[in-house]
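Biologist: I would like to go through this model with you, beginning with how charged side chains pair. Please show it first.

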Amino acid sequence: MGNDPRFAQSWTTITASMTNDSPAFNPPMEPVSSPVRSKLPIVVISALFILIFAPSLFLDFGIFNDYWIWSYNHHQCCIYFPETSHLFWIGRPLGGLLLNLHFLWFDKARDLSVGRAVSLLFLMGTLGIAATLFQRSLNVGRHTAWALSTLVFLLPASLLYVLWLTNFVPGTLNVFLATLAYFLVDRSYSAHRVSKRRLLAGFGYSLLLLSFYIYPPTSYFFLVFTAARVVFWRRGVRN
């Protein structure tokens, strides 16, 4: 049988059909992601957050020191907010200045709901950056990264920072800055050019340093991503 020319010809045909040079070979097609499906997590999560925060977006109210903006001339910049001097004395001067700038734009109780909408946008932006970091550093799927990020930002602290407008600067804004700083430093390690690597790292570390002059406790939010690397670390895999 081994000397049979018909067998040799059949074997040649079989092996040729398994190579890329054969016209009969059809390589597997790469899965093409639908544009609608790729944006599905963003749409679903946005709808979820709008539903959760709907009362804060459509009702006119303030919480505690939100009402202090009518106790002074808040259209004068930038040291007249009642807590400003205290914030300077405890080492948070940038937080005091930003609070004064923040309250320049509010005149009526209705304006506070607009401020909460802006705070929600910053929260959603932070959620998106965090999802990108989780996907990149933990080597998980896109949907898993978005789900994990959503769970983190549905914790009570995030809800409070949106509802309580005075906490926008030390809360929502500062968490956004800390997350952005970590994102920039993380990107610097994969930059090919040395100049770009230094620029990203320098800007990221500077942003993190400035955030400590706003409210140090929320500046440490960047440790969430470091802790996630430790929790999801697997032996033999270097992240």
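Modeller: A salt bridge here is a side-chain nitrogen of Lys or Arg within 4 Å of a carboxyl oxygen of Asp or Glu. Keep in mind that this is a predicted model.

Biologist: What is the N to O distance in the salt bridge between aspartate 60 and arginine 110?

Modeller: Aspartate 60 sits in the loop between helix 2 and helix 3, whereas arginine 110 belongs to helix 5, so their pairing ties together parts 50 residues apart in sequence. Aspartate 60 is partly exposed at 46% relative accessible area, and arginine 110 is partly exposed at 38%. From N to O, the side chains meet at 3.2 Å.

Biologist: Which residues are joined into one network by salt bridges that share partners?

Modeller: The whole structure holds three salt bridges. Arginine 136 pairs with aspartate 186, with the closest N and O atoms 2.7 Å apart. Arginine 229 also forms a salt bridge with aspartate 186, at 3.1 Å between the closest N and O atoms. Through the shared partner, the network consists of Arg136, Asp186 and Arg229.

Biologist: Is aspartate 186 buried or exposed?

Modeller: Aspartate 186 lies in helix 8, and its partner arginine 229 lies in helix 11, 43 residues apart. Buried means under 20% relative accessible area. At 11%, aspartate 186 is therefore buried.

Biologist: How many helices does the protein have?

Modeller: There are zero strands in the secondary structure. Reading from the N terminus, the elements are α throughout the series α-α-α-α-α-α-α-α-α-α-α. The number of helices is eleven.

Biologist: Which helix supplies the largest share of the largest nonpolar core?

Modeller: That core has 44 residues, and Phe49, Phe103, Leu120, Leu123, Phe134, Phe153 and Phe225 have the most contacts inside it. Helices 2, 5, 6, 8, 9 and 11 each give at least two residues to the core. With eleven residues, the largest share comes from helix 5.

Biologist: Which residues does leucine 112 contact, leaving aside neighbours within four places in sequence?

Modeller: Leucine 112 is in helix 5 and is buried, with a relative accessible area of 0%. Its C-alpha is 8.4 Å from that of aspartate 66, although the two are 46 residues apart in sequence. The contacts of leucine 112 are Phe61, Gly62, Ile69, Trp70, Phe106 and Leu165.

Biologist: What does serine 149 touch, not counting residues up to four places away in sequence?

Modeller: Serine 149 is part of helix 6, which spans residues 142–152. At 0% relative accessibility, serine 149 counts as buried. The residues that serine 149 touches are Leu127, Ala130, Ala131 and Phe134.

Biologist: Turning to the surface, how much accessible area does the nonpolar patch of Ile79, Tyr80, Phe88 and Leu97 have together?

Modeller: Leucine 97 lies in helix 4, residues 93–102. At 32% relative accessibility, leucine 97 counts as partly exposed. Together, Ile79, Tyr80, Phe88 and Leu97 have about 370 Å².

Biologist: How many contacts does the model have beyond four places in sequence for residues 27–31?

Modeller: The mean pLDDT of the protein is 83, with 82% of its residues at 70 or more. Over residues 20–25 the pLDDT is below 50, and that stretch has six contacts beyond near neighbours in sequence. Over residues 27–31 the pLDDT stays under 50 as well, and the number of contacts beyond four places is zero.

Conventions:
Residues are numbered from 1 along each chain as its sequence is written. This is a predicted model: local features need pLDDT of at least 70, side-chain atom pairs count only at pLDDT 80 or more; totals for chains, interfaces and linings use all residues. Side-chain values use heavy atoms; hydrogens and water are left out. Helices (H or I, at least four residues) and strands (E, at least two) are DSSP runs, numbered from the N terminus. Buried means under 20% relative accessible area, exposed over 50%, partly exposed in between (1.4 Å probe, protein chains only). Contact means heavy atoms within 4.5 Å. A nonpolar core is a set of buried Ala, Val, Leu, Ile, Met, Phe, Trp, Tyr and Cys residues joined through side-chain atoms within 4.5 Å. Patches are made of residues with over 30% relative accessible area and no salt bridge: like charges are joined within 9 Å, nonpolar side chains (Val, Leu, Ile, Met, Phe, Trp, Tyr) within 5 Å. Accessible areas come from the Shrake-Rupley method with a 1.4 Å probe; for residues, only the protein chains shown count as cover. pLDDT is the predictor's confidence in each residue, from 0 to 100.
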